[in-house]
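Here are my notes for your read-through. Please keep the model open beside them.

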Amino acid sequence: MHQVMLNKTEDTKIPLVQSKYRRKRHHFIFAAMRSPFKIGALLPSSKALARAMASGVDLNRAGAVVELGAGTGVVTHALLQVGVKPENLVVIERDESLHALISNHFQHLKILKADAIELDTVLENIGVTKINAVVSSLPFLVMPQEVRNAIQAQMAKVIGEDGVIIQFTYGPKSPITPAQMRKNHLVGKRHKLVVANVPPAHVWIYKKA
Ligand SMILES: C[S@@+](CC[C@H](N)C(=O)[O-])C[C@H]1O[C@@H](n2cnc3c(N)ncnc32)[C@H](O)[C@@H]1O
């Protein structure tokens, strides 16, 4: 059961967990309203979607887990819950206010304010060379095609021969097109459909062909 902390007066009782969740949600919604095409969703992912993403990580595979587009940290939390070690997790978020929010919340993690389009350089700069999984919530559906292709090429590059890319999408098709899969020597499969999310989402997993 959650421990409930009360405000001073009886009529302003607010469970701490609920108020924290509301603050995070509001933060995300404001960021999304400021730049809808950069954030790519009006609401954070549900816990069910975050768990489905995290369930794609094989903890027996060596290397770092790199999360792209962490937002308010719902997937970050799920990754820690399934057993990804904090020292093995690298979190990347481009939006300044969301980066500040999660850096404050997960003070023990490596959380970088960076653009996924520079993924290989960002990882090189912190000495991360071996990747277990890139777990991405990036909003490919609203990105210009050249940007999307460039980021997907970066993801394919950094996973090397053994790592995987885990990506969710609200669309019915693979978020990496067949042409981009061929170009980046990837094969992909649908890992899970999550209906308990607004909107429902598909989680895909890609690896080298
Ligand atoms: C759809 S939201 C997902 C947020 C969170 N992971 C979730 O599932 O609720 C996409 C996130 O990706 C971030 N983002 C978008 N483009 C990015 C980029 N090029 N590099 C890094 N982060 C980016 C946005 O700021 C936003 O936080």
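Which residues are closest to the ligand, and how many surround it? Point 1 takes this up; the rest covers the fold and two backbone details.

1. **Ligand shell.** This is a predicted model. In it, 23 residues surround the ligand. The closest are S45, G69, G71, R94 and S137. Helix 2 (36–39), helix 4 (74–81) and strand 2 are the elements that give two or more residues to this shell. By character, the shell holds 13 nonpolar, five polar and five charged residues.

2. **Overall make-up.** The chain has eight helices and seven strands. Of its 209 residues, 38% are buried. Take the contacts with a separation of 6 or more: 65% of them join residues 24 or more positions apart.

3. **The sheet.** Seven strands form an open sheet with mixed pairing. Their order is 3-2-1-4-5-7-6. Strand 3 (110–113) and strand 6 (186–194) are the edge strands, and each pairs on one side only. Neighbouring strands are turned by 20° against each other on average, with direction ignored.

4. **Strands 1 and 2.** In general, strands of a sheet pair through backbone hydrogen bonds, either parallel or antiparallel. Strand 1 (residues 64–68) and strand 2 (residues 89–93) pair in the parallel sense. Four bridges link strand 1 and strand 2. At L68, the bridge partner in strand 2 is I92. Strand 2 also gives residues to the ligand shell, as noted in point 1.

5. **Helices across the sheet.** Helix 3 (residues 47–54) lies across strand 4 (131–136), strand 5 (164–169), strand 6 and strand 7 (201–208). Helix 3 runs at about 145° to strand 6. Helix 7 (residues 145–158) lies across strand 4, strand 5 and strand 6. Its angle to strand 4 is about 155°.

6. **A cis bond.** Most residues other than glycine have a negative phi, and most peptide bonds are trans. The peptide bond from V198 to P199 is cis, with omega near -10°. P199 lies in the loop between strand 6 and strand 7.

7. **A positive phi.** H185 is not a glycine, yet its phi is positive, at about 55°. H185 sits in the loop between helix 8 (178–183) and strand 6. Is H185 buried or exposed? H185 has 11 other C-beta atoms within 10 Å. The cut-off for exposed is 12 or fewer, so H185 counts as exposed.

Technical notes
Residues are numbered from 1 along each chain as its sequence is written. This is a predicted model: local features need pLDDT of at least 70, side-chain atom pairs count only at pLDDT 80 or more; totals for chains, interfaces and linings use all residues. Two strands pair if DSSP finds at least two bridges between them. Axes are lines fitted to C-alpha atoms, for helices over the stretch in contact, and angles run from 0 to 180 degrees between N-to-C directions. Two residues are in contact if their C-beta atoms, placed from the backbone, lie within 7 Å. A residue is buried if 20 or more other C-beta atoms lie within 10 Å of its own, exposed if 12 or fewer, and partly exposed in between; C-beta atoms are placed from the backbone. A residue is near a molecule or strand if its C-beta atom, placed from the backbone, lies within 6 Å of it. Ala, Val, Leu, Ile, Met, Phe, Trp, Tyr, Cys and Pro count as nonpolar, Asp, Glu, Lys and Arg as charged, and the others, Gly among them, as polar.
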